[in-house]
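Visitor: I am in my first year and still learning how to read a model like this one. Could you take me slowly through a close look at a single part, the place where the two chains meet, and then show me what lies around that part?

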There are 2 protein chains.
Amino acid sequence: MTTITPVLLCGGSGTRLWPLSRKSYPKQFVPLVGDTTLFQASAQRLSGDGFGAPLVLTNSDFRFIVTEQLAEIGMDPGAILIEPEGRNTAPAVLAAALWLEKSDPNGLMLVAPSDHVVPDAPAFRAAVQAGAKAALEGELVTFGIKPTHGETGYGYLELAEDPESFDAQPLRLNRFVEKPDAARADDMVKAGNFLWNAGIFLFSVRAIIDAFMAHAPNLMTPVQTSIDEGKPDLGFLRLDPQAWGEAEDISIDYAVMERADNLSVVPFSAGWSDLGGWDAVWRESNRDDRGVATSGPATALDCDDTLLRSEDGGLEVVGIGLKNIITVAMPDAVLVADASRAQDVKNAVAALKSKKAKQATAFPKDHRPWGWFESLVIGERFQVKRIMVHPGASLSLQSHHHRSEHWIVVEGTAKITLDDEIKLLGENQSVYIPLGAVHRMENPGKVPMVLIEVQTGTYLGEDDIIRYEDVYARD
Amino acid sequence: MTTITPVLLCGGSGTRLWPLSRKSYPKQFVPLVGDTTLFQASAQRLSGDGFGAPLVLTNSDFRFIVTEQLAEIGMDPGAILIEPEGRNTAPAVLAAALWLEKSDPNGLMLVAPSDHVVPDAPAFRAAVQAGAKAALEGELVTFGIKPTHGETGYGYLELAEDPESFDAQPLRLNRFVEKPDAARADDMVKAGNFLWNAGIFLFSVRAIIDAFMAHAPNLMTPVQTSIDEGKPDLGFLRLDPQAWGEAEDISIDYAVMERADNLSVVPFSAGWSDLGGWDAVWRESNRDDRGVATSGPATALDCDDTLLRSEDGGLEVVGIGLKNIITVAMPDAVLVADASRAQDVKNAVAALKSKKAKQATAFPKDHRPWGWFESLVIGERFQVKRIMVHPGASLSLQSHHHRSEHWIVVEGTAKITLDDEIKLLGENQSVYIPLGAVHRMENPGKVPMVLIEVQTGTYLGEDDIIRYEDVYARD
C-alpha cells in the first residue's frame, strides 16, 4: 500500500472566531471542540496505518506553536515549510508537492486545512482510503460533504449524477461551483447532485505537479526556486521570500481544479464543519435539550439556543434568559453577539483595530519559541509578567535601556546569566537585573519553569531590547 | 434656620446588581452612574447651606470604605455608628435619633438610603427645605416620587387628594400602601393621588423619638442600651451587639409610619431611581438614539436598547446585533442577561453561591482598613498579589507558618519591619520575607504605596496569619 503524506495547511489566521482566535494565535491552535486543538486533531485524524509523517505549511509566527503542539500529542513532523507570506493555497500545495517529489514522486499526498472539525476520524480515514486507487491512477480526488442546508459560505461540487449512496466510492466530478447566493444554494441542495467543497484533496505528487504544469505553469519557477533557495533553520525550511513573493496569490481551486478534467470526488456524510463562525462552533458543541452549550465556568439560567464559553482564565460567566446569543469571555476580551450575526464578528475585530485595541490581534498569552509570557498587570511605571520557559529552552542574551527587572522563580529551576555570572535559582529564589545589565534566562530542567517578572522603568515596551545572542535567530 | 443632619443608611448589600455589587462591596460604594459612588453622591447631595455633617449608619465590614470614600470627596462624617448586624431601618433610624438627641434634640434629621440616584441635587435640596417647616412643627415628612409607570417593586403613598402641582409643597398623607401587584399598581398610577415611597424621611429628633415611644416602644430600651453600651473604636461607635440583637428586625414604615397620623409628604418629580436592577441602571445611563449605553472599553455594533459595561479591568467588550441585553464584564465575572430578566440576577448569585464560586460574594479587590489587595495569579504553590497601602496606613505585625513572600515596591515608599530590622524601600526595591519571620508593611509617605507580593508555599490561604499588633484592632 502506498503511503499517504498528510499536507496540513495552517498558515491562516481568521478573525470570525474572535476573541478566541486572533491573528497572533488563530483558531487551528485552539481547543475549540474537544480537548485537543483543531490542528492537533487534524494531525491525529490523518495518522496511523497508511499515513506518513505530516508535512506542515505554516508561517514564521506560528512555527514554534506547530512544533509544540505536535510534541504535545507525541507526533513528529516530516517537514515544516515556512511561507514567507500567505499566497493562498495553490503555491502552498505546489511547494508541498515539489518538496515531496524529491523523496517520493509516486507517493500520494492528502491536502487538508488544519482548522476543520471531522468528529468521526475513522470514517474520514476510510473515505481517504476509498479515494486512494483513483489517486494512484492519476485522478485529482476531492472530498464532497453532503449538504445539510443551503449554505452560502462554501463552494459546491457538481456531480455528473446523483450519488446513489454515501458509502465513499469515488464519483466523476462535473465542475466546481463558486460560493452561491441563498436561492442558488437552496436549489443545489434540492437538486441532489451537489456537495460542499471541503477544500480537502488527495492526489499523487506526480499528478498534481503535472496538473500545475498544464494549468498554472507560471507558478512552477517561483515555487521551485523558493524551495531551492530556501534556508533550513532549526528544523524548518524557510522558503525563499523573493521567489515566493513572485508566485501568484491564487487558490488551488482557481489555479488547477476548475481547469482540470481528471477530477473525482469522494462523498462524505459522517459530519464535517469548517467552524466558519461561532454559530458553527455552537452547532458542533455538546448542547443540552434546550440547545445550550457551555464551557469553562459558565452558568446558563433559563437560556435557549445559546453558547456560553469562559476561556482560559476562570471568569465566572452567567447568562440569564438568553435566546440565540453567543458569549465568549476571555481574560482580556468579551464577545456577546446575536447568533444570526456570527459572520459580523470580523467587523468587531476591524472596529477594535481602528481604535488600536491590542485585543484585536494579540492574545493574552504571547507565544514565543521558548515558551510564553503574559502581562498580569500594567501600571504607569511598572509591569508584572508571568513567564513560562519550556524544558531545555532559553531566551536570548539581552539587555534593556529603560527598565530593570526582578525575577522570582515560582516553579521549576532557572539558569540565570547576569553579566559575567551564571547561577541556578530554584523555587522561591529571586534575582535582580539592573538597568543595562546583560542577562539571559534558561530552563535547564526537565519540567516547565515559571517565573514572575516585575519590571520597573519609564518605558516598558517589548521593543526596548538589545539581543546579543539568540538560539532562535531573531533580530 | 435649623441645621438638618443627613442620616445616611449604608449597611445594605443587595445582589441584584451583581457582578458590580457584591456582599463584600455593595452598590452604594460603586460609581454606577456618573463619576462618584452612589454613597458619595448621596453625601454631596445633602451638603451645603442648611445641612450638617452626615451621620452614617453602616456595618463593620464597610466602615473603612465609608471613611475612605468621604475623605475622597473632602467630607468629614459627623459620626459613624456601626450596626453589629442588619436589623432593618427602624432600629437604625432610632439609633440615629437617640445619638443626635444628646447634642441637638430640637434639630432636624433627613434619613436617606445611600444607594439611590437623584440627578437634580439642587431640586432635591429645595424639596427638603420645603418640608422643613412641617418637620419643625412635629410632622413626619416623607418624600413621594411622581410615578412614571405601574412599578410593583415600590411601596406607594396615598394622598388625601390629587397633588395640584409638583412644586414641592408638603401635602397631607392618607396612608402607606405596600408593594402592589401589577394591576393595582396601574390603577394607582391612573388614580393620580398615589406617589412612590422613596424611603426618604425628614423629621425633628424629638418628633421621631416621640413617634417611636408611641408606636414602637419595645425598640426604645434595646436601641438606647446599644448606644449607651457601645464602644468607641478609631472614630466609630460600635453599637453594643447584645442589646442591638434584642431590637426587633423591622422597617420604619411598619414600626412607625403606617401607624402615625402626623404625616406629610413632599411630592418630587425631578427624577429619582433606587437602581433596583440593571434595567434601572440602563434607564439612568446616558443612552444614544438607539437606546445603547456603554461604559469602559465597550463597543456596540448595531445594537438596540442595550447596556454594555466593562468595569475596573480594561476587558474589551463587544456586542453585536443585541436587543434588550445587559452585559456587565468584570475582571473575574461576566453577566449577560435579557433586560426583562434583570430581577433574576439574584438567582444567578444564588447559583454561584451553591457552586461555591467566590465571585458570588467577594470582589476582585479586597478592601481593608489600610487599603486593598487583589490576587493577580494563583498557582499550585504560588500567588502574586498587588497591594495598595494608603498614605500613613500600616498592616498588622504578622508572620506566616506556610509561606514566604517577596515584596517589590513599584509605587511610593514602604517602611518594612523584618524581625528586628526596619528599612525604607523606594520604587524598584525589594525585600524577602522568609517563612516564620515577623514582619510589617507601612506607608510612611504622602502618596499611595503599591507593591507586588509573590508568595511561595504549600498553603496560601488568608488565614495563615499570626497577628502580633494591629492598629485596626483585628484578631
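Guide: Let us approach the meeting place of the chains from a loop, keeping in mind that this is a predicted model. Leu275(A) sits in the loop that runs between strand 11 (263–268) and helix 10 (278–284) of chain A, and the phi angle of Leu275(A) is near 45°, which is a positive value in a residue other than glycine. Another loop of chain A, the one between strand 1 (4–9) and helix 1 (38–45), holds Pro19(A), and the peptide bond that leads from Trp18(A) to Pro19(A) is cis, with omega near 5°. In chain B, Pro19(B) is likewise placed in the loop between strand 1 (4–9) and helix 1 (38–45), and there a cis peptide bond with omega of about 5° joins Trp18(B) to Pro19(B).

Now to the way the two chains are arranged. Chain A can be laid on chain B with an RMSD of 0.1 Å, by a turn of 180° and a shift of 0.0 Å along the axis, and this is the relation of a two-fold axis. Within chain A, the C-alpha nearest that axis belongs to Leu376(A), at 3.1 Å from it. The same surface serves both copies, for 98% of the contact residues of chain A recur in chain B.

The contact itself draws 57 residues from chain A and 56 residues from chain B. The size of an interface is often given as the accessible area lost when the parts come together. Between chain A and chain B, the buried area is about 4,300 Å², and carbon and sulfur atoms give 62% of it. Glu316(A), Ile320(A) and Asn428(A) supply 16% of the area that chain A buries against chain B, more than any other three residues.

It helps to set this beside the domain records. An unreviewed UniProt entry lists a domain called "MannoseP isomerase/GMP-like beta-helix" over residues 300–352 of chain A; in the model, that stretch is 15% helix and 42% strand, and its end C-alpha atoms are 28 Å apart. The unreviewed entry also gives "Mannose-6-phosphate isomerase type II C-terminal" as a domain at residues 359–470 of chain A, where the chain is 0% helix and 56% strand, again with the end C-alpha atoms 28 Å apart.

Finally, a word about enclosed space. Rolling a probe the size of a water molecule over the atoms shows where empty space is left. The count comes to four cavities of 30 Å³ or more, and the largest cavity holds about 50 Å³ of space. Its lining is made up of Arg45(B), Leu46(B), Ala112(B), Pro113(B), His116(B), Val118(B), Phe124(B) and Ile200(B), and these lining residues divide into six nonpolar, one polar and one charged.

Note on methods: Residues are numbered from 1 along each chain as its sequence is written. Chains are lettered from A and ligands numbered from 1 in the order in which they are written. This is a predicted model: local features need pLDDT of at least 70, side-chain atom pairs count only at pLDDT 80 or more; totals for chains, interfaces and linings use all residues. Side-chain values use heavy atoms; hydrogens and water are left out. UniProt positions are given in the numbering used here, feature names are shortened, and annotations may be inferred rather than shown by experiment. Helices (H or I, at least four residues) and strands (E, at least two) are DSSP runs, numbered from the N terminus. Copies are superposed by least squares on the C-alpha atoms of residues with pLDDT of at least 70 in both. Contact means heavy atoms within 4.5 Å. On a 1 Å grid over the protein atoms alone, a cavity is a set of points where a 1.4 Å probe fits but cannot get out, and a pocket is an open set with protein on both sides within 12 Å along at least five of seven lines; lining residues have an atom within 4 Å of a point. Grid points are joined across faces, edges and corners, and a volume is the space filled by probe spheres set on the points. Ala, Val, Leu, Ile, Met, Phe, Trp, Tyr, Cys and Pro count as nonpolar, Asp, Glu, Lys and Arg as charged, and the others, Gly among them, as polar. Buried area is the accessible area (1.4 Å probe) that two parts lose on being put together, summed over both.
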